[in-house]
Amino acid sequence: KHDGNELWDAISLALDVRSIGIQQPIANDIVRSSQAILLNSEDSWTKFRDNGVIFTLDVTKVMFSSGNVTERHRISRMNMEDEIIVDCFAGIGYYCLHAIVNAGAKYVHACEINPNSIEALEKASKLNQIEENMTIYPGDNQETLPELEYIADRVFLGLLPSSELV
């Protein structure tokens, strides 16, 4: 509808999806923003279920990392019963949601700089009914992590593909 072409609506109907978009390279900014383009919708929020966990994100604002699926599933199979987790680059909750929902973590302190990812993580914690098991710390880890010194049984560093500054 953005370009007046009904083709994308017909394809959406045939695929039983609400909208179709084109993935673009991730922006080279501090929050690794999405640059996806929607072809036939104004609603850029999506939900998906992975290994029993519901995730949500605005695909035009937050990049989706499909490359971390192996790590997400590895985390979901671990025993973290009664552990307190600090997730240093929480994003939309790729790892910390699995830690609570599947691995039995008692509590997660999720640190994230991207306000759009934080909004998605807040929504996902409600969808998974685990908001009482998580605190989200917005901002730069260099400022938020000192508050969390010595409280974790386990720390997620999700620095993929590298921890080096670009």
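**Exercise 1. In this predicted model, find which cysteine sulfur is closest to the sulfur of Cys96, and work out why the two are not bonded.**

Solution. Start at Cys96: its closest cysteine sulfur belongs to Cys111, at 9.8 Å. A disulfide requires two cysteine sulfur atoms within 2.5 Å. The sulfur of Cys96 is therefore too far away for a bond. To finish, look at the surroundings: Cys96 is buried, with a relative accessible area of 0%.

**Exercise 2. Do the same for Cys88, then give the number of disulfides.**

Solution. Cys111 again holds the closest cysteine sulfur, here 5.7 Å from that of Cys88. This distance is also too far for a bond. Cys88 is buried as well, at a relative accessible area of 4%. With the 2.5 Å cut-off, the count comes to 0 disulfides.

**Exercise 3. Trace the order of helices and strands, then judge how compact the chain is.**

Solution. Begin by counting: there are 5 helices and 8 strands. From the N terminus, they follow the order α-β-β-β-β-α-β-α-β-α-β-α-β. Next, compare sizes: the radius of gyration is 17 Å, close to the 15 Å from the globule rule for 166 residues, so the chain is as compact as a globular protein of that length. Along the principal axes, the C-alpha atoms fill a box of roughly 55 × 35 × 25 Å. Finally, turn to contacts: among those with a separation of 6 or more, 62% join residues 24 or more positions apart.

**Exercise 4. Describe the charged side chains of the chain.**

Solution. Count each set: 13 side chains are positive and 25 negative. Then locate their centres, which lie 6 Å apart.

Terms used: Residues are numbered from 1 along each chain as its sequence is written. This is a predicted model: local features need pLDDT of at least 70, side-chain atom pairs count only at pLDDT 80 or more; totals for chains, interfaces and linings use all residues. Side-chain values use heavy atoms; hydrogens and water are left out. Helices (H or I, at least four residues) and strands (E, at least two) are DSSP runs, numbered from the N terminus. The radius of gyration is taken over C-alpha atoms; the globule rule is 2.2 Å times the number of residues to the power 0.38. Contact means heavy atoms within 4.5 Å. Lys and Arg count as positive and Asp and Glu as negative; His and the chain ends are not counted. The place of a charge is taken as NZ of Lys, CZ of Arg, CG of Asp or CD of Glu. Buried means under 20% relative accessible area, exposed over 50%, partly exposed in between (1.4 Å probe, protein chains only).
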